[in-house]
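Subject: Structure for you to look at, with notes

Dear colleague,

I am passing on the structure we talked about, together with some notes on its interior. Please open it beside this message, since the notes refer to residues by name and chain.

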Amino acid sequence: MNLLESLSSAIASVYSNKMRSVLTMLGIIIGIGSVILITSVGLGFQESVQSDFASLGMDSLYVTVKTDKDIASDDLLTLKDCDLIAGHPNVKFVAPSWQISIRVPVASSEEMQQAVLVSTNDDYRFVNSIELEYGRFLSSQDVANGSRVAVIDSQLSKKVFGRSNSVGEKIDLKLLYGTEEATVIGVVKSEELSAVFALPAYVYMPITTVFDIYGSERVDVVFFMLADKDQTSQTALAVNKMLELSHGNSDKYNVQELMESVETIYRVMGYITAFVSLVGGVSLLVGGIGVMNIMLVTVTERTREIGIRKALGATSRNIAFQFLVEAVILTGIGGLIGMTLGYAGAFLAGTYVGFLPAFSLPIIVGTLGVATVIGLSSGVYPALKAARLDPIEALRYE
Amino acid sequence: MRGVNVTVEKNEFVAIMGQSGSGKSTLMNIIGCLDSLTEGKYYLDGHDVSKLSGKALAVIRNKKIGFVFQSFNLLPKLTALQNVMLPMTYARVSKRLRTEFAEEALEKVGLQDRMNHKPNELSGGQKQRVAIARALGNKPAIILADEPTGNLDSRSGEEIMVIFQTLHREGATIVMVTHEPDIAQHTKRIVSFKDGRIVSDSPVENQILAEVPAIESA
């Protein structure tokens, strides 16, 4: 009896006991399914985050005010702090950022488009790797003069003006207290429709202009980039110290690398993956025991069949192989079903959250390998038991 | 069982008779290579098989012996054709050949139009005929029938005896265990057992020729 025939007869046997087979497979299905689900979601998330952050300047550092402390108004970051940071010999670019949510009326319609107004300076282009499509980005002149100019992204340009190149157009910005007009001087590439963070449309304006309008002075974040990246941690410490000295406080600021926040996300993701995989592993173990149990029942039930087969010339090895193949088919099919369900679940979760799960060949192969190994190891004992049956006894079995 | 010495020649048709517990089942198991001797020798087709191990015995059972059981012992989930093919599968006969041989064997027992039926769709007599076809598959040296008519009505039993007598005429060697004297009368030689010993071993005087009760194939 060759392998192909053993397989087809094992499949027939598994199929003839549908309900029992499915119940037996359940542990394997759940185990494999959850491992596939979490790893594909995890990998998909990672890829998506990676592409999100690749467009941001990953080498940038940023300063924020710690939110879990008592913050006095003196502690808040201002444009003076930007100059201070720029004074550090290892700092190349410094860009403040103050973001507010605005609405932009769509030309020739009543509609409004949501957007984020980023108030910043000319260096922002470098610290966040912005790609220009038309016109120019904010210049130091614009910032110095507080010009009424705006750079918008192509997504917003298309929405508002119906075309990507809207350089020279006037754009209305609905702020909290009224409408301000600005001239579009440049269009930048939109962030790819990002998965993890649904990125809104962006408008960039000189921070001085926005401060004039709002009478505000505070800055949310100060981004900066270093000349020598090997000095990152030292420079970060030094910048923190400078800010504390200047504000006369201590332990109020976070100086972080963008990279670090990504790594934090990865780490959390890693913990979740490890945990779910552990649960999946336990489920696989229990599933394997279930398969062994059912195989033992099957061997007992089919004692007579084993006797007949032996009388007709099946060797012990033939019999052992037959039951081993059945166990592997059970776990293999369970593995396939689990994998399908896992990926289906991942897709469902992915479309809900907004990113595609990652298919990984090593994981698919590995998963099926694990299912096979479980089948083999839980099938060995029942198969040997079947093989050792005495044909005379087995034939007499009712 | 002790002191038993039987020789069955090629192309003999022998009945083994005896009460239950007389040792005839043990003898059948030994002839069928299902059991091995604690003492003594067993030559099958000229070879001493009394010292062979499990795997070698399996091969002998496969190639040299065709079993026919009282309770048919067909695999319920396989069709008649698949059942007949089973021993040839273990003998690694190619699928084409084994289908051909199996169809031939089923035709020989008059079941050419029942090939794809499962055992539960067949009558007792038909099941036993499938079992005989299965026993013929690997062209065995000996056909071993253990109460082949025990579970059948007399008409079906007669059909089976017709087949055995035909096979015998064609050169097959058949050893049949039975406790029914009139069934034994269909053979050429009767060996009787009692308490593990042979009490008589004589040729059949007036062999009954089985009447073909017009093999019904419905």
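The notes below go through the cores, the cavities, three elements and two loop residues.

Before anything else, please keep in mind that this is a predicted model, and that every value below was computed from it.

**The nonpolar cores**

The largest nonpolar core has 58 residues, and those that touch the most other members are Phe323(A), Ile31(B), Cys33(B), Leu44(B) and Ile65(B). The element that gives the most to this core is helix 11 of chain A (residues 316-353), which contributes 9 residues. If you would like one residue to start from, I suggest Ile65(B): leaving aside residues up to four places away in sequence, Ile65(B) touches Ile31(B), Gly32(B), Cys33(B), Leu44(B), Ile60(B), Pro140(B), Ile142(B) and Leu144(B). There is also a second core, separate from this one, which has 40 residues and includes Val91(A), Leu173(A), Met205(A) and Leu226(A).

**The cavities**

The structure holds 5 cavities of 30 Å³ or more, and the largest of them encloses about 80 Å³ of space. Its lining is made up of Ser13(A), Val14(A), Asn17(A), Arg20(A), Ser21(A), Ile294(A), Met295(A), Thr298(A), Arg302(A), Glu326(A) and Leu330(A). Two or more lining residues come from each of helix 1 (3-16), helix 2 (18-55), helix 9 (258-301) and helix 11 of chain A, with helix 9 of chain A giving the largest share, 3 residues. By class, this lining has 4 nonpolar, 4 polar and 3 charged residues.

The second largest cavity has a volume of about 60 Å³, and is lined by residues of both chains, namely Ala311(A) and Leu312(A) together with Arg61(B), Asn62(B), Ile65(B), Gly66(B), Phe67(B), Pro87(B), Arg134(B), Ala135(B) and Asn138(B). In chain B, helix 2 (54-64), strand 4 (65-68) and helix 5 (124-136) each supply at least two of these residues, and strand 4 of chain B gives the most, with 3 residues. Here the lining divides into 6 nonpolar, 3 polar and 2 charged residues.

**Strand 4 of chain B**

Strand 4 of chain B is covered on both faces, with Ile65(B) and Phe67(B) buried on one side and Gly66(B) and Val68(B) buried on the other. Strand 4 of chain B runs parallel to strand 5 of chain B (residues 142-146), to which 4 bridges join it, and within this pairing Val68(B) stands opposite Ala145(B).

**Strand 5 and helix 7 of chain A**

In chain A, strand 5 (residues 149-153) is largely enclosed by the rest of the structure, because 5 of its 5 residues are buried. In a regular strand the side chains alternate between the two faces of the sheet. In strand 5 of chain A, Val149(A), Val151(A) and Asp153(A) point one way while Ala150(A) and Ile152(A) point the other way, and all are buried.

Strand 5 of chain A has pairings with two other strands to look at. With strand 7 of chain A (residues 178-188) it runs parallel, joined by 5 bridges, and there Asp153(A) stands opposite Val188(A). With strand 8 of chain A (residues 201-206) it runs antiparallel, joined by 2 bridges, and there Val151(A) has Tyr204(A) as its bridge partner.

Helix 7 of chain A (residues 207-214) has Ile207(A), Thr209(A), Val210(A) and Phe211(A) among its buried residues. The cover over the buried residues of this helix includes helix 3 (79-86), strand 2 (91-105), strand 3 (112-120) and strand 8 of chain A. After helix 7 of chain A comes Gly215(A), whose phi is positive, near 65 degrees.

**Two loop residues in chain B**

Finally, which residues other than glycine have a positive phi? Asn73(B) has one of about 55 degrees, and Arg92(B) has one near 60 degrees. Asn73(B) lies in the loop between strand 4 and helix 3 (80-90) of chain B, where it is buried, with a relative accessible area of 3%. Arg92(B), in the loop between helix 3 and helix 4 (95-108) of chain B, counts as exposed at 63% relative accessibility.

With best wishes

Notes. Residues numbered from 1 in each chain as written. Chains lettered and ligands numbered in written order. Predicted model: local features only at pLDDT ≥ 70, side-chain atom pairs only at ≥ 80, totals over all residues. Heavy atoms only, no water. Core = buried A, V, L, I, M, F, W, Y, C linked by side-chain atoms within 4.5 Å. Buried < 20%, exposed > 50% of the residue type's maximum accessible area, 1.4 Å probe, protein only. Contact = heavy atoms within 4.5 Å. 1 Å grid on protein atoms, 1.4 Å probe; cavity = no way out; pocket = protein on both sides within 12 Å on 5 of 7 lines; lining within 4 Å. Points joined across faces, edges and corners; volume = space filled by probe spheres on them. Nonpolar A, V, L, I, M, F, W, Y, C, P; charged D, E, K, R; others polar. Pairing = 2+ DSSP bridges.
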